[in-house]
Amino acid sequence: MFPADAADAATLLRYADMAMYQAKERGRANYAFYTEYMGRRMAEKILLHERLKLALAYGGLALHYQPQVDVATGRMQAVEALLRWTDPQLGEVAPDRFIPVAEATGLILAVGAWVLDAACRQIGQWVRAGSPLRVAVNLSAQQLRQTDLVDQLRSSLAQHGAPPDLLELEVTESEAMADPEQARLMLCNLQALGVCVALDDFGTGYSSLSHLKQLPVSRIKIDREFIRPVLRSGADATLVRAVIMLARTLGLHVVAEGVESPEQLLFLAQHGCDAYQGWLYSKAVPAQSVLALLHGDDPAQASVPAALA
Ligand code: C2E
Ligand code: CA
Ligand code: CA
């Protein structure tokens with residue numbers, strides 16, 4: 001709007017462009033007015049995109065690993081790789097801040113390829129160190145639509161000597177359900193390669209049971225939004241119990257995310273959840289710390305199984 005937003009035509013057009021992007025983000029048949037907030041958001045998006053592109057070149061990305069623990073035995077059975085970015089100018093940038101930008105700009109394909117390759121390299125290293133460990137990697141919707149994903153994975157696995165069955169791909173429930181038939185075909189190809197698939201953030205999307213039954217997945221991860229209030233909210237407790245039962249019926253493993261207290265763990269144990277992930281056991285840690293946790297060198301972990309006694 002002239003003259004409220006800007007005094008010259010070039011700036012007005014630039015702002016109108018931002019408003020158009022905002023309107024498009026909201027879906028079809030929408031409108032939006034430029035606001036200062038939009039300008040700031042766009043500037044941040046451009047900055048993050050530029051810096052992230054550089055990070056791929058300067059080596060600013062790293063994978064940390066969060067243990068997945070067997071509820072019954074208290075032993076680590078796998079890890080989830082979580083991306084960490086430290087930028088010389090911006091400091092540590094949280095994935096919740098840069099992953100959406102990378103998805104919006106398409107940079108997620110290059111970032112995702114880096115993550116997959118780094119995870120395969122780590123799997124290979126742990127195998128050669130005599131501690132084979134399954135590593136779960138988050139896959140974004142765009143990667144799932146990549147036609148050469150299977151080839152890319154095959155070559156990373158081979159190059160690093162990583163057995164395919166030690167790689168698990170986490171696909172969110174909403175990604176898998178956006179186009180169930182396309183997802184099913186891709187997941188079948190991945191399964192044929194020998195990697196396993198987990199449905200992430202389960203409970204936040206809307207799976208139809210018939211689609212769920214057809215997807216070649218081996219694990220369901222209950223989103224931490226349901227675990228956080230599980231002891232306070234009857235509705236969430238019912239949902240978590242129902243998901244565990246559903247998974248049992250379909251012959252799938254269940255992992256609960258975001259377990260922070262012994263009481264939450266006890267609830268999960270009582271209802272037959274297979275595994276959990278959360279700060280109660282450990283945050284995501286650098287690769288070197290994983291083996292120490294695995295071999296029980298960390299005294300802090302000794303108290304966890306005791307919570308179940
Ligand atoms: P997610 O897949 O749901 O990952 C779990 C998130 O929960 C991680 O956040 C983890 O640090 C956090 N978390 C784990 N235990 C606890 C707990 O006990 N309490 C609480 N409050 N939080 C816990 P993080 O590392 O910040 O990652 C956020 C999201 O960013 C991930 O959510 C995932 O969607 C995305 N992400 C991370 N790495 C990658 C990646 O390599 N590729 C893609 N596409 N997405 C990634
Ligand atoms: Ca995940
Ligand atoms: Ca989650």
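Which protein donors does the calcium ion (ligand 3) have, and how far from it do they lie? Here are my notes, starting with that one.

1. **The calcium ion (ligand 3).** Keep in mind that you are looking at a predicted model. The protein donors of this ion are Asp201 (OD), Asp223 (OD) and Glu257, which appears twice through OE atoms, and they lie 2.2 to 3.0 Å from the calcium. If you walk along the chain, the donors follow the spacing D-x21-D-x33-E. Have a look at where two of them come from: aspartate 201 belongs to strand β6, while glutamate 257 is in the loop between β8 (253-256) and α12 (262-270). Those two are 56 residues apart, and the pair links distant parts of the chain.

2. **The calcium ion (ligand 2).** There is another calcium ion to check, and its protein donors are Glu80 (OE), Asn138 (OD1), Glu170 (OE) and Asp200 (OD). They lie 2.2 to 2.4 Å from the ion. Along the chain, the pattern reads E-x57-N-x31-E-x29-D. Glutamate 80 sits in strand β2 and asparagine 138 in strand β4 (residues 134-138), so this pair ties together parts that are 58 residues apart in sequence. Try finding both calcium ions on screen: ligand 2 and ligand 3 are 5.4 Å apart.

3. **Where ligand 1 sits.** Ligand 1 is in the largest pocket. Which elements give two or more residues to the shell around it? They are β2 (76-87), α3 (95-105) and β6 (196-202). Strand β2 provides the largest share, with four residues. You've met β2 already, as the strand that holds glutamate 80, and β6 as the one that holds aspartate 201.

4. **Who surrounds ligand 1.** There are 20 residues around ligand 1, and Gln66, Arg84, Arg224, Glu260 and Trp279 come nearest. Sorted by character, the shell has seven nonpolar, five polar and eight charged residues.

5. **Polar contacts of ligand 1.** Three side chains are good ones to click on. Glutamine 66 has a side-chain N or O atom 2.9 Å from a nitrogen atom of ligand 1. For arginine 224, a polar side-chain atom is 2.6 Å from an oxygen atom of the ligand. With glutamate 260, the distance from a side-chain N or O atom to a ligand nitrogen is 2.5 Å. As for cover, ligand 1 taken alone exposes 800 Å², and the protein buries 85% of that.

6. **Two backbone spots to look at.** Most residues other than glycine have a negative phi, and most peptide bonds are trans. Now look at the peptide bond from phenylalanine 2 to proline 3: this one is cis, with omega near 5°. Proline 3 is in the segment before α1 (9-25). Then there's alanine 29, a residue other than glycine, whose phi is positive, near 50°. You'll find alanine 29 in the loop between α1 and α2 (36-58).

Note on methods:
Residues are numbered from 1 along each chain as its sequence is written. Chains are lettered from A and ligands numbered from 1 in the order in which they are written. This is a predicted model: local features need pLDDT of at least 70, side-chain atom pairs count only at pLDDT 80 or more; totals for chains, interfaces and linings use all residues. Side-chain values use heavy atoms; hydrogens and water are left out. A residue is near a molecule or strand if one of its heavy atoms lies within 4 Å of it. A polar contact is a pair of N or O atoms within 3.5 Å; within protein, one must be able to donate a hydrogen and the other to accept it, and residues adjacent in sequence count only if both atoms are side-chain atoms. Accessible areas come from the Shrake-Rupley method with a 1.4 Å probe; for residues, only the protein chains shown count as cover. On a 1 Å grid over the protein atoms alone, a cavity is a set of points where a 1.4 Å probe fits but cannot get out, and a pocket is an open set with protein on both sides within 12 Å along at least five of seven lines; lining residues have an atom within 4 Å of a point. A molecule sits in a cavity or pocket if more than half of its atoms lie within 2 Å of its grid points. Ala, Val, Leu, Ile, Met, Phe, Trp, Tyr, Cys and Pro count as nonpolar, Asp, Glu, Lys and Arg as charged, and the others, Gly among them, as polar. Donors are N, O and S atoms within 2.8 Å of the metal (3.2 Å for Na, K and Ca); water is not among the atoms, so sites may look incomplete.
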